[in-house]
Amino acid sequence: MSPLLLAALLWVPVGTLTCYGDSGQPVDWFVVYKLPAHSSPGDEAERGLRYKYLDEDSGGWQDGAGPIDSPTGALGRSLLPLYRNSTSQLAFLLYNDQPPTYSESQHSSSRGHTKGVLLLDQEGGFWLIHSVPDFPPPSSSAAYSWPPSAQTYGQTLICVSFPLTQFLNISRQLTYTFPMVYDYKLEGDFAQKFPHLEEVVKGHHVHQAPWNSSVTLTSRAGASFQSFAKFGNFGDDLYSGWLAEALGSNLQVQFWQRSSGILPSNCSGVQHVLDVTQIAFPGPAGPAFNSTEDHSKWCVAPEKPWACVGDMNRNKREEHRGGGTLCAQLPALWKAFRPLVKDCESCEHSRAFSRKPSRA
């Protein structure tokens, strides 16, 4: 592709900092589900880079417009402003407990198990929450790229466009999740308007109970999202210790099951929390895979229209780390995630069988 053609495809109007869909047009929100490498056979060059795409108007899961490392797809186009020569009118935070700039001097295990991007201008911007290690590249990079370390396993990313005022609540939520910020720009008016972001950049966090916080966020188009965030002192599982009761529903939870201290399905409360063991996309050619091949973090309520995408696992260590999830009762979101659950671990099975941990 010629540089001129690529530049034309990647043109983003000034003052429209928002999530961009696979269509190349602004969207209120989207979800990208990167498929495990083995579940998307075909061209070796794209192995581990294929994904499913969802937004409010996509009519369910669609095949990604290209490989996930393409600068013209939803992720590449949305993150484009980070890698332009001039970011003078922008503020941003890139955070990840497994940052691409990690060094031995950093101790990310004491921080929240949380990954994401805040990108905003004077009118608004977006919040991208994801499960991808070493992502995205810092703003000093030449361009958007996808890390080789995230090609083998499944990953999830949710992008939501918000007006500027909503970043007050978003920034407050980050004081609970205690993220490892590896790149940021917060100057002038932005530092004054969002003092919590300045605290987050400095590595500060909440210092008194309550150790968890739930806030309602309204997207640019008026959709309602519920953000759940907890600090490490909360001392319990996000899902069985809080989320199921808060949503008033049983939950089926997909998370990384190759870490130590995995929490089994929990039926001790009124609401049951079941660990997903198999995922399958609908349709005769829909990819199917086991949860052990999937690094994504999401949950769905089987009876009520709740679906959530976040950055926390269910294991003993993460009971004492910050993190969270973003939930919504959007029909398009719930109808897409509900059929993905092919099988779960029953509570009877979890009591009778003690799983051996494998590598983290």
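This is a short walk through the model, one selection at a time.

**The whole chain**

Keep in mind that the model is predicted. Start in cartoon view, where you can pick out eight helices and 19 strands. Of the 360 residues in the chain, 57% are buried. Switch on the surface and you are looking at about 14900 Å² of accessible area, with carbon and sulfur atoms accounting for 51% of it. Take the contacts between residues at least 6 apart in sequence: 70% of them join residues at least 24 apart.

**The disulfides**

Now show the cysteines as sticks. A disulfide is a covalent bond between the sulfur atoms of two cysteines, and the count here comes to three.

Select cysteine 19 and cysteine 159 to begin with. Their sulfur atoms sit 2.1 Å apart, and the link is left-handed, with -95 degrees about the S-S bond. Cysteine 19 belongs to strand β1 (residues 19–20) and cysteine 159 to strand β9 (residues 155–163), so this pair ties together parts that are 140 residues apart in sequence. Cysteine 19 is buried at 0% relative accessibility, and cysteine 159 is buried at 1%.

Next, go to cysteine 267 and cysteine 347, joined with an S to S distance of 1.8 Å. The torsion about this S-S bond is about 80 degrees, so the disulfide is right-handed. Cysteine 267 is in the loop between β13 (251–254) and β14 (273–280), while cysteine 347 is in helix α8 (residues 347–352), so parts 80 residues apart in sequence are tied together. Is cysteine 267 buried or exposed? Neither, quite: at 26% relative accessibility, cysteine 267 counts as partly exposed. Cysteine 347, at 3%, counts as buried.

Then select cysteine 308 and cysteine 327, a disulfide with its sulfur atoms 2.1 Å apart. The torsion is about 105 degrees, so this disulfide is right-handed. The pair links strand β17 (residues 307–310), home of cysteine 308, to strand β18 (residues 323–328), home of cysteine 327, with the two positions 19 residues apart in sequence numbering. Both cysteines are buried.

Number the bonded cysteines in sequence order and the pairing reads 1-2, 3-6, 4-5.

**Cysteines without a bond**

Stay on cysteine 308 and add cysteine 299. Why is there no bond from cysteine 299? Its closest cysteine sulfur, in cysteine 308, is 3.8 Å away, too far for a bond. Cysteine 299 is buried, at 0% relative accessible area.

Cysteine 344 is your next pick. Its closest cysteine sulfur is in cysteine 347, but at 10.0 Å that is too far for a bond. At 18% relative accessibility, cysteine 344 counts as buried.

**The aromatics**

Now colour the aromatic rings; the structure holds 18 aromatic pairs. Zoom in on phenylalanine 162 and phenylalanine 167, an edge-to-face pair at 6.3 Å centre to centre with 85 degrees between the planes. Both of these phenylalanines are buried.

Move on to phenylalanine 228 and tryptophan 242, also edge-to-face, at 5.2 Å and 75 degrees. Phenylalanine 228 is in strand β12 (residues 224–230) and tryptophan 242 in helix α6 (residues 239–247), so the pair ties together parts 14 residues apart in sequence. Phenylalanine 228 is buried at 4% relative accessibility, and tryptophan 242 is buried at 13%.

For the last stop, select Tyr33, Trp61, Phe281, Phe289, Trp298 and Phe337, which form one aromatic cluster. Add lysine 52 to the selection: lysine 52 lies over the face of phenylalanine 281, 5.9 Å from the ring centre.

Notes: Residues are numbered from 1 along each chain as its sequence is written. This is a predicted model: local features need pLDDT of at least 70, side-chain atom pairs count only at pLDDT 80 or more; totals for chains, interfaces and linings use all residues. Side-chain values use heavy atoms; hydrogens and water are left out. Rings of Phe, Tyr and Trp (its six-membered ring) pair if their centres lie within 6.5 Å; planes under 30 degrees apart count as stacked, over 60 as edge-to-face and the rest as tilted. Buried means under 20% relative accessible area, exposed over 50%, partly exposed in between (1.4 Å probe, protein chains only). Helices (H or I, at least four residues) and strands (E, at least two) are DSSP runs, numbered from the N terminus. A charge sits over a ring if NZ of Lys or CZ of Arg is within 6 Å of the ring centre and within 35 degrees of the ring normal. Contact means heavy atoms within 4.5 Å. Accessible areas come from the Shrake-Rupley method with a 1.4 Å probe; for residues, only the protein chains shown count as cover. A disulfide is a pair of cysteine sulfur atoms within 2.5 Å.
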